[in-house]
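Reader: I've got a new model open and I'd like to learn how to read the places where its chains meet. Could you walk me through it?

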4 protein chains.
Amino acid sequence: MLEAAPHRFPLRVYFEDTDAGGVVYHAAYLRFAERARTEWLRALGVPHSQLIACEGVIFVVKRLSIEYLRPARLDESLVVETRLAGMGGASVRLVQEVRRDGERVALLEVRLACVRLATGRPEAMPESLRGLLRAQS
Amino acid sequence: MLEAAPHRFPLRVYFEDTDAGGVVYHAAYLRFAERARTEWLRALGVPHSQLIACEGVIFVVKRLSIEYLRPARLDESLVVETRLAGMGGASVRLVQEVRRDGERVALLEVRLACVRLATGRPEAMPESLRGLLRAQS
Amino acid sequence: MLEAAPHRFPLRVYFEDTDAGGVVYHAAYLRFAERARTEWLRALGVPHSQLIACEGVIFVVKRLSIEYLRPARLDESLVVETRLAGMGGASVRLVQEVRRDGERVALLEVRLACVRLATGRPEAMPESLRGLLRAQS
Amino acid sequence: MLEAAPHRFPLRVYFEDTDAGGVVYHAAYLRFAERARTEWLRALGVPHSQLIACEGVIFVVKRLSIEYLRPARLDESLVVETRLAGMGGASVRLVQEVRRDGERVALLEVRLACVRLATGRPEAMPESLRGLLRAQS
């Protein structure tokens, strides 16, 4: 069986993403990775705003680890590759790579939980979403 | 008559506030100024979270201008001085200065509107808040 | 004479851009506007990193005013339109509109100065850049 | 032997730190933790700007993991506790807890490398700094 191709999200490094060290600020990669997850969900047909409006649920980050492999700089073009790495009833695990041309700049592993927005309590993902995710893995 | 002393909010410049130009990123001053406005309201006895919880209203920025006079850098200590410059039924106008030691780094003028959180519509400020603000001017 | 069409820069609103008021955080528009200015310069053939590497100069914001006309929300598609509104020897003035479909969300006027990166001193824009800008106005 | 008390850095949650989910944005904790590390170094007598100016080195984040235990909200007071957890020739490992009153909100483990600013290459920490850190552990 072939593994599904990762979702690819391209982005550009702007001044807002850099710091006085001359490179991309370490926390900016978390913003890049979240943009990529948002577009990955949108490509599945499930934008955040629809999850909130129709289901009253939201994904929150429960755990995240990131390894910084190479610095990135102003004006560079990066791509975030997102792969579903695991799935529970109320959570998903993703692996995300930030790449520049052929090389890896940063590597993330992210665990998201589905929670009810009104209460903040974990909640099983809607079955329709689970079906879409199963088709990815 | 003596003018009321401005509210003073001290802060430190961290890496998150700088960019690859080696100085404080221009949009970071808006965050500094909002922290100062939040503490100015708290000093008046009206924290944002209480305005939201008790009155259902929130202040939003309607108009803002900023002049950048000198660059600021990593690790510097800055102070934001906040003065009430005008007041309408549903809005206030503030002048804010970002200072380093004796000199001015940036100068802001900000117009805030009081809006109902649920609707986003402008709303007269609660009378208790108006009284507190009148005592400032 | 026809006015040149504005430069158009599309973007999406992500969680990072919003605040607990449920709408786009007021300082996020400055980041949107700077991304648009960066792409406007790139479209002219002058990316920031090239200005820095080849000329040793950089554009810094000297003065900015912004009017917030309508709130924007998570997942919305916005466009920043950028027009050159004036030009001096060492500075440019831009008007930028943030739009959602047909309507204006925010309106900015920005004055940028060209400064030598090593000294922070104002410096006349490189003649090649001035020529490109004149062709815009 | 008694373990050294952790360094404690208090902070307040502002609008800039929150997102449309109504809670602190997940990447904001990395900014909080870096502010705390900066003040921890300053308390040791080694502010970033001095490390850069005198030694030409800088600490960069090489690896970071964070677990989100409870949401934090606008206007809350948090404290970041920072402990040195390990030390190599050119790197340190820190454990940082973000706490609200008695309870843990987030837990971070961070590996920093000392690099030469001009080259980005790893470099042994200055001996004076190593001495200060040894006194902490």
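**Where chain A meets chain D**

Author: Let's start with one pair in this predicted model: D:Arg63 and A:Glu67 form a salt bridge, with their closest N and O atoms 3.3 Å apart.

Reader: How many salt bridges are there between chain A and chain D?

Author: Two. Looking at polar contacts, you'll find eight residue pairs between chain A and chain D, with both residues at pLDDT 80 or more.

Reader: Which elements of chain A give two or more residues to the side that touches chain D?

Author: Those are helix H1 (28–44) and strand S2 (57–68) of chain A. S2(A) gives the largest share of that side, nine residues. Sorted by class, the side of chain A that touches chain D has nine nonpolar, three polar and six charged residues.

Reader: OK, and how do I put a size on an interface?

Author: The accessible area lost when the parts come together is often the figure given for that. For chain A and chain D, the buried area is about 1,600 Å², and carbon and sulfur atoms give 56% of it.

Reader: Which residues of chain A lose the most area to chain D?

Author: That would be A:His26, A:Leu30 and A:Tyr68, which together make up 28% of what that side buries. If you'd rather count contacts, 18 residues of chain A touch 19 residues of chain D.

Reader: How are chain A and chain D related in space?

Author: Try laying one copy on the other. A turn of 180° with a shift of 0.0 Å along the axis puts chain A on chain D with an RMSD of 0.0 Å. That's the relation of a two-fold axis. To find the axis from chain A, go to A:Ser65: its C-alpha is the nearest in that chain, 2.0 Å away.

Reader: What share of chain A's interface residues are also interface residues in chain D?

Author: It's 100%, so the copies meet through the same surface.

Reader: Now a single residue, away from that pair of chains. Where is B:Ala85 found?

Author: B:Ala85 is in strand S3 of chain B, which covers residues 77–87.

Reader: Is B:Ala85 buried, partly exposed or exposed?

Author: Partly exposed, because its relative accessible area is 32%, which falls between the 20% and 50% cut-offs.

Reader: What is B:Ala85 in contact with, leaving aside neighbours within four places in sequence?

Author: B:Arg93, B:Leu94 and B:Val95. You can also check B:Glu109, 24 residues from B:Ala85 along the chain: their C-alpha atoms are 8.9 Å apart.

Key: Residues numbered from 1 in each chain as written. Chains lettered and ligands numbered in written order. Predicted model: local features only at pLDDT ≥ 70, side-chain atom pairs only at ≥ 80, totals over all residues. Heavy atoms only, no water. Helix = DSSP H or I, 4+ residues; strand = E, 2+ residues; numbered from the N terminus. Buried < 20%, exposed > 50% of the residue type's maximum accessible area, 1.4 Å probe, protein only. Contact = heavy atoms within 4.5 Å. Least-squares fit on C-alpha atoms with pLDDT ≥ 70 in both. Buried area = accessible area lost by both parts, 1.4 Å probe. Salt bridge = Lys/Arg side-chain N within 4 Å of Asp/Glu carboxyl O. Polar contact = N/O pair within 3.5 Å; in protein donor to acceptor, adjacent residues only side chain to side chain. Nonpolar A, V, L, I, M, F, W, Y, C, P; charged D, E, K, R; others polar.
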